[in-house]
Amino acid sequence: MPLPYRGRGPRLAGSRAVATSLPRATASSPRRAGRGAPPLSQTQRLTRRRHSSEQVPPEPEPPADFRSAKWLQERAGGDARASRQALPAGMSSRPRSPGQEEVVIPCASDNDSGSVDLQLTNLEDIKEGPNSSEFTDLDISDIPGPPPESFSCSFRYPTHQEPLSQAIIEKLIQSIQAVFNGELKGELEKLTFLRSLSSLSQTLSYDETAESFIHSHIANIVHILNVLVQEEASHSLFSPVCQEVFVTITDLSYQDVHLLFGSEDRAELFCLINKSVITLPSMRNLTQPQEIMPNGPCNSECLYRLTFQAFFEMLQSLVIKDPHLENLDAILKHMDPWLQSVEDHERERATASVAQVLKCLSSHLSLKPPLRFQRLGHLVAVMALLCGDPVKEVAEEAAEGTHYLLHITQRLKYITHDKENHQSLRRALKKCREFLELCDIKQFYSCPFRIAQVFEVFLNSNELCQFMMTTLDGLKNPRIQESAGELLITLVKNAASRFETVPEIMGVICAQLSVISQPRIRQQIINAVSLFISMPKYTDIVLSHLLCHPIPYDRHLAELWRSLEVKLPSTTWILWRLLRKLQKCHNVPTQEKMPYEAVAATDALYEVFVGNRLQAATFRLFPQLLMTLLIQIHHSIGLTMSDIAIPSGLYPEQEMSSEATPLSFAIQAIKTLLLRTLCWQEFNIMEKNKGWTLLERKDCHLQGVFLLANALREKNHYLARKVMYLLVPLLNRGNDEHKLTSAGFFVELLQSPVARRLPGIYSIARLKDWLHHGNNLFRILALRGLHNLVRHQEMKEDIRSLLPCILDSLCETDEEIVLLAIQILLRLVGTMDFTTLAAMMRTLYSLFGDVRPDVHRLSMVLFGASIKSVKYSDKKNIENQVLDSLVPLLLYSQDENDAVAEESRRVLTVCAQFLKWRLPQGVYCKEPWYIKPTEARTVCKFFGKKCKGKINILAQTLMYSKNAKLPIRRSAVMFVGLLSKYTDRSELRMKGTDWIEDDLRGLLQDPEPSLRVIASQALYQVQKVRAEPEPEQTVCWLRKLMGCLPT
């Protein structure tokens, strides 16, 4: 096997390693192997214990081991269970050639069945930490454990060895150099190389040449070891080479020469070693338990055990002198994939490896800042999850590792804690100790959520985040999903206030929901979100993250919104904060795009209402929710999703549904709100009267608001009152959409008796301001509000002060303003003084014949009411106005609009009563006059005689011959012809009839035949009256008689 030269050191010329001729370091043990000594066993050669059992100082009592003796013994037959049992006594040692000097490293006795933990407290170069005495002051006591089992640790401590001569060192260097320049063909050469390297490592502390050689050829050594491990990986169960590689690395590690850390090629070697050991087939799966090795018979089961024993020793040697925990961090990074392996035996070996590393580190912890171990939270979570592993052996290994990890964590936190927070650390330790005293230890280490309860008091915010992320990642693994769910809930409950990366956590949670199908696990995730969102510190953070998802929400996020499990005191807070997210968006200028958060919050409210988990809060915040959603509807009218400021990258792969609009989200939310708050009747009223359609249309939105407000006022007085009190301080806030919707709802609620309790500054004064608003909609709302308030008798006096503004509204072009003004005046007409009444009647007279039928009709209604309200003392002053109204009222009694005609007849009767006239029955005839000429002549005769000398009735009637309405023109022309017969002849001759005839001739060209006929008849009648001589003046018979008497 040619090996390419790698490394920086010089090559030694042409020497090659000879298998057994190389001298080896002789130990200073009294039982040193030599001439006359019993031959060493295969186990002793392979493990090459460095110190004899006689020189081992009394061991401290081992930490409590909560694994049964049977389990510990069975480890040998399992995956990673290196039981550290000796080989059978009859197994022969490796043969040696005569005359060769064998350098032997003293080993433990063959009956050593103890732990491989490196209890190296007597090493000269490993001192107690400077703060060790302070641990006692801080009351950092041992973590309680179960009673020790029969199994105990009996690893032998290394002792000082006699220095090697310079010649031997040179020979070792030459043999190693030869390998750099050559190749290793057989197993014996490989073992010789490795043992030479191991022996040379013992001289580094006192020989500069060896030290220089090793340090300058680390790259070569790493390369060769990499090649050896790759070659032996396929049959490592039946070859001691891998074990020798582990031992060599261990020996160099003791001398602070690390072959597995510091560069990319070293990390590759470490990764390869881990893979070669962890992926070995399970001992249970071996088809041939006994194999014949090239060097002689050997029990493969023992070799299997020894492989793991050497591997564990190698790992422990990496952390024995690791004051900054750099090596521990690297080990865990390499072990992490194997700890999560789907293969049980791989997971068990990785767990056992980590447990042994932690045990060794716990016994020899000597920390010095700066500490570079930044994965404590991740490690705690991994070990806790493994404690809940369904494989018993994995769980027990993890429990052992967790036990030692707790020791390490306590001391780690003492070293790194802020001296100013000394008391907080003391409290954490006390809490930890109290909890452990309350728990059964075996039960504690088998319950991941209890482990989380103990460890969380020591973890900082960054470590808590690691813990959380690792736990969330574990939710994807069906094997540990249940444990991960328990850990998640426990951690959030106990340490939620100390998280600083909640958005990242929420991101992982939302991603996990889409890949987890088990209902119980999904609910645990949702419960974790519920715990976060219920904490005021995180509520806005969680809401902001959840609102940054595509809408409509997919089924996973919809389920989250609908399934929030929050304690009653927190429900109102959460719903209020979500509502505030939406309300803040309404303050954005209307020229800008609607914020995406507004639409997302609306959809979220809908999902919350559907889930109905926050029902109590929904009832409590009903007024705010209702008004905010109504305002959102107003803002959303006419918008599509292209009008929304959607964050970039939110829809990278999917297009927004064309059916989804901001308006549709708001409508479905407000519908669901009504249903969830038991407003069934209000919902029904809206549906029957097409209220939802009215709300969706820009020109009818306020009509929908009025409808909903009146429905609520009629069917639910309690909620209506709550809404009114909410609106009082909010009416002048926000933009026009905000104000209009709020004001529309408010003015309808003024019909409620509760409105009487409102101070004038919140009702009359505000409505007065709106009367002068530049926006007609606000003026309409003001008049509508006054109309509702005037129903309350005690409010009339305050409203009278606004009469000038209301009267001015009669002249508006907006029909609704005029109608509302008339309706208000109808309620105030009885309280008006004569001057105001007369001015109003003149204005109303001008509205007779208005093209707007409702304005026309109501103006007559108010005119009639005004006549009735005139006091007796003022009747003479108003008589002329009443007389002037007779002709219009009489003519409009023939209007094609039945309501207008009927109202004209009614008001005409009021006028006749005022004048103390008795109208002929023809006035009340509903048939057109041209059909009933007799009734028409009777009416004309009556009015001609009654008005004679009072008003120019003929001229007034002729004015209506030009009216836009055909029935009015026809009636006016017919009336002119009939009236001419009852007009004062002398007056008619004095003024002439030309002006009448000219108007009538113009009507002869009218396209309507009936009007031409009637105009012709009227013209004839006028001309006839003009042609007839004035009748002679008659003298009464008494006068004639007197004239005949003689003078």
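Two rings of Phe, Tyr or Trp (its six-membered ring) make an aromatic pair here if their centres lie within 6.5 Å. Keep that in mind for later; this is a predicted model, and the tour begins with the whole chain.

**The whole chain**

Show everything as cartoon. You're looking at 50 helices and four strands. Colour by burial next: of the 1047 residues in the protein chain, 57% count as buried. The accessible surface comes to about 45600 Å², and carbon and sulfur atoms own 51% of that. If you draw contacts between residues at least 6 apart in sequence, 78% of them join residues at least 24 apart.

**Into the core**

Now for the inside. The largest nonpolar core has 315 residues. Select Phe193, Phe532, Trp561, Leu626, Phe745, Met840 and Phe943, the members that touch the most other members. As background, nonpolar side chains in soluble globular proteins tend to be buried together.

Zoom in on phenylalanine 193. Which residues is it in contact with, leaving aside its neighbours within four places in sequence? Pick out Ile176, Val179, Phe180, Leu184, Ile224 and Leu228.

**Ring hunting**

Switch to sticks for the aromatics. The whole structure has 16 aromatic pairs. Take tryptophan 929 and phenylalanine 975 to begin with: the ring centres are 5.4 Å apart and the planes sit at 25°, so this pair is stacked. Follow the backbone away from each ring and you'll see that the pair links distant parts of the chain, 46 residues apart. Tryptophan 929 is in the loop between α43 (898–915) and α44 (933–946), while phenylalanine 975 belongs to helix α46 (residues 966–979). Both tryptophan 929 and phenylalanine 975 are buried.

For another geometry, go to phenylalanine 942 and phenylalanine 943. Their centres are 5.3 Å apart with planes at 90°, so this pair is edge-to-face. Are these two buried or exposed? Buried is under 20% relative accessible area, so phenylalanine 942 at 16% counts as buried, and so does phenylalanine 943 at 1%. You've met Phe943 already, among the core residues that touch the most other members.

Next, select Phe246, Phe311 and Phe312 together: ring pairs link them into a cluster. Then jump to phenylalanine 706 and look at the face of its ring. Arginine 784 lies over that face, 3.9 Å from the ring centre.

**Cysteines**

How many disulfides does the structure hold? Zero. Two cysteines to click on are cysteine 510, which counts as buried at 13% relative accessibility, and cysteine 585, also buried at 9%.

**Two last stops**

Serine 239 sits in the loop between α7 (218–232) and α8 (241–254). At 1% relative accessibility, serine 239 counts as buried. Draw a distance from its C-alpha to that of leucine 303: the two residues are 64 apart along the chain, and the atoms are separated by 8.0 Å.

Finish at histidine 378, in helix α13 (residues 376–387). Its relative accessibility is 16%, so histidine 378 counts as buried. Setting aside neighbours within four places in sequence, show what histidine 378 is in contact with: Asp336, Gln466, Phe467 and Thr470.

Note on methods
Residues numbered from 1 in each chain as written. Predicted model: local features only at pLDDT ≥ 70, side-chain atom pairs only at ≥ 80, totals over all residues. Heavy atoms only, no water. Core = buried A, V, L, I, M, F, W, Y, C linked by side-chain atoms within 4.5 Å. Buried < 20%, exposed > 50% of the residue type's maximum accessible area, 1.4 Å probe, protein only. Contact = heavy atoms within 4.5 Å. Phe/Tyr/Trp six-rings, centres within 6.5 Å; stacked < 30°, edge-to-face > 60°. Helix = DSSP H or I, 4+ residues; strand = E, 2+ residues; numbered from the N terminus. Lys NZ or Arg CZ within 6 Å of the ring centre and 35° of its normal. Disulfide = S-S within 2.5 Å. Areas by Shrake-Rupley, 256 points an atom, 1.4 Å probe, with all protein chains shown as cover.
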